[in-house]
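Biologist: Please take me on a close look at one part of this model, the surroundings of the ligands. I would enjoy it most as one connected account, with the whole protein as background.

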Amino acid sequence: MTKNKYILNWIDEMAAMTKPDKIVWIDGSETQAEALRAEACSTGEMIKLNQDLLPGCYLHRTAVNDVARVEGRTFICTSKKEDAGNINNWIAPAECYARLSKLYTGSMKGRTMYVIPYSMGIVGSEFAKYGIELTDSIYVVLNMLIMTRVGNDVLETIGDSADYIKGLHSKAQLDEENRYICHFPEDNTIWSVNSGYGGNVLLGKKCFALRIASYLGRKEGWMAEHMLILGVEYPNGETKYVCAAFPSACGKTNLAMLIPPETYRKKGFKVWTVGDDIAWLRIGSDGRLWAMNPENGFFGVAPGTNDKSNPNALATTREGAIFTNVCHNLDNNSVWWEGLDKNPPHNALNWRGEKWDYTKYDKADKVGTSGAHPNSRFTAKATNCPCLSAEFNNPAGVPVSAIVFGGRRARTAPLVYQSTSWQNGTFVGSIMASETTAAAAGAVGVVRRDPMAMRPFVGYNMGDYWQHWLDMGKIIPHAPKIFHVNWFRTDDEGNFIWPGFGDNLRVLEWILARCEDKVDANLSPIGYLPKPEDINIEGLDGVTIDTIKDLVTVDKESWLADIANIRDFYALVGDRVPAELHKELNQLEARLKA
Ligand code: GTP
Ligand code: SPV
Ligand code: MN
């Protein structure tokens, strides 16, 4: 434990409000974790799966009304409303503390309060940051044990300091109407109440490592981004690193763990995973930008994960994993989800825990008829991942050659293009858009602007965030090049044109060749497009040079229609949109009209 007065006083205060029956400190030991798993199984909170098929694996179901992040109930509570900006929901801090205190009062009665000291990053390293999460959920404890670095060494490293993020979580009554995910960046505090789901309650992840960290990054001169980090190892043994920001459920985990196509494997290409969701970026003493993954595990989308699409992710989940809201196969006490294989279990419970009839599956009503919820997830240890980078535990991270933005766009965005400068790349990030997914509550498939894939995760004013990007560009001596990709263009029948997954390496190869000036490109109104013959299609079935030509065409009409939408969005972000970005937008429009 600890003698730290700030920590002890804060826990006393929180316990006086929530009134738990007892307080248990999580020490990161396997003995304690195993006892908690047993307790969760005895109450039905978790189900122990077939230990021959899935050793150390468990199933958990959340409440039916609590299956995704709730952006409408997520708040940035800065003293001034304009510091949170128009894109974030805002409540004045004093009012928010008062409102939530009522909900927390007595919310842990009859329950245990667990104290989880955790680190984002390698404990004791220069770039690590620490948090303590108080929670009344064993499920949260067990997930945090996988997703972060937990234990007494964290308390020792915090020492007497007040420098840690104070996180309070209570499931309370899981009342949807009173669900709040609130951030107080000026107080290093996160309060979450009435949810038990993923990003709402694993406070180290989106709440700390993105919302609070982005705020700290702006103050301290670094960046916290919704980005995967991967290394491409060339046949000569050299490895180049790429960071990519795609919105939730748009392919970060898949790209981070990609398996090179056969022709690339034969030549000796390998891809290594450093992170699949969050990157903390800092300028190294060598003048390059370095990326570190603050997490210790993966909280990945289950549906669609299979032996072909992502065998590395599947392998990662075969031991010590927690599955949330997937389908329970009662014949062998294992798990299943849509897209795992073509054999849905006949004797199974759906994600709600009801008897499931796979013959009733209806694509038009996935939530109502699927075995696994579309946003069902696995929580798995990074160290299980067969393609985990040797640099995963390097506290400094890895040097970044390219930053890639991307989203789901059925039409407008081409397969890949390169920005013309850091400023133009920041603009490209700021105008990103994507069709919404099941990762957040609300309608699915609606195009919305999602700058840098950070719309739900920026802990301050979006305009100031863009200004921070521009400012960083001015002080990184050897900045990465910035690109945009879209794996999701569809034909008239709605089928994806680009095969995606492992074949995305073909696009990464072009991107990295551009970073080293090894390949030419065509300058278009939106930026540099590949010459179609420079995308390697060797060994690809059904993709010809004409397919690539089609994928890299820029339809001026749909881009001009987008410009109007971007203008509206900039207006919504408001008067802190940097003048440079307005200028970039006007120039883009002029080029498209020329
Ligand atoms: P979060 O964990 O929510 O941040 O999501 P993520 O960005 O890590 O997304 P993930 O890799 O889990 O992919 C989500 C969905 O996109 C899955 O259903 C995948 O099958 C699908 N997907 C990923 N990559 C591709 C691709 O290259 N092409 C196509 N067509 N689908 C893809
Ligand atoms: C996302 O929604 O981007 C996720 C899952 O990575 S959650 O942890 O719920 O935010
Ligand atoms: Mn994510």
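Modeller: Happily! The protein has 18 helices and 30 strands, where helices (H or I, at least four residues) and strands (E, at least two) are DSSP runs numbered from the N terminus. This is a predicted model, in which local features need pLDDT of at least 70 and side-chain atom pairs count only at pLDDT 80 or more, while totals for chains, interfaces and linings use all residues. Residues are numbered from 1 along each chain as its sequence is written, chains are lettered from A and ligands numbered from 1 in the order in which they are written, and side-chain values use heavy atoms, with hydrogens and water left out.

As for the overall frame, the C-alpha atoms fill a box of roughly 70 × 55 × 45 Å along the principal axes. The radius of gyration, taken over C-alpha atoms, is 23 Å, which agrees with the value near 25 Å for a compact globule of 594 residues; that globule rule is 2.2 Å times the number of residues to the power 0.38. Of the 594 residues, 60% are buried, meaning under 20% relative accessible area, with exposed being over 50% and partly exposed in between (1.4 Å probe, protein chains only). A contact means heavy atoms within 4.5 Å, and among contacts between residues at least 6 apart in sequence, 71% join residues at least 24 apart.

Now to ligand 1. It is surrounded by 21 residues, of which Ala249, Lys252, Thr253, Asn254 and Arg377 are the closest; a residue belongs to such a shell if one of its heavy atoms lies within 4 Å. The shell holds 10 nonpolar, seven polar and four charged residues (Ala, Val, Leu, Ile, Met, Phe, Trp, Tyr, Cys and Pro count as nonpolar, Asp, Glu, Lys and Arg as charged, and the others, Gly among them, as polar). Its polar contacts are pairs of N or O atoms within 3.5 Å. One of them places an N or O atom in the side chain of Lys252 2.8 Å from an oxygen atom of ligand 1. Asn254 also has a polar side-chain atom 2.8 Å from a ligand 1 oxygen, and for a polar side-chain atom of Asn504 the distance is 3.0 Å. Taken alone, ligand 1 exposes 660 Å², and the protein buries 90% of that (Shrake-Rupley areas with a 1.4 Å probe). Two or more residues of this shell come from each of α9 (252-256) and β17 (297-301), and α9 gives the largest share, three residues.

Just before Asn504 in the numbering comes Asp503, in the loop between β28 (481-485) and α15 (504-515). Asp503 counts as buried because its relative accessible area is 15%, and its contacts beyond four places in sequence are Pro261, Trp498 and Leu540. Phe501 sits in that loop between β28 and α15 too, but it is partly exposed at 41%. Most residues other than glycine have a negative phi. Phe501, though, has a positive phi, near 50°.

Ligand 2 has its own shell, with Arg69, Tyr197, Gly199, Lys205, Lys206 and Arg377 among its residues. This shell divides into four nonpolar, three polar and five charged residues. Oxygen atoms of ligand 2 lie 2.9 Å from an N or O atom in the Arg69 side chain, 2.9 Å from a polar backbone atom of Gly199 and 2.5 Å from an N or O atom in the Lys206 side chain. On its own ligand 2 has 290 Å² of accessible area, and the protein covers 98% of it.

Lys205, from the ligand 2 shell, belongs to helix α8 (residues 204-220). With a relative accessible area of 5%, Lys205 is buried. Outside its sequence neighbours, Lys205 touches Met147, Leu210, Asp277, Ile278, Glu295 and Phe299, and both Asp277 and Phe299 also surround ligand 2.

Finally, Val67 lies in the loop between β3 (58-60) and β4 (74-76) and is buried at 14%. Beyond four places in sequence, its contacts include Tyr197, a residue of the ligand 2 shell.

Methods:
A polar contact is a pair of N or O atoms within 3.5 Å; within protein, one must be able to donate a hydrogen and the other to accept it, and residues adjacent in sequence count only if both atoms are side-chain atoms.
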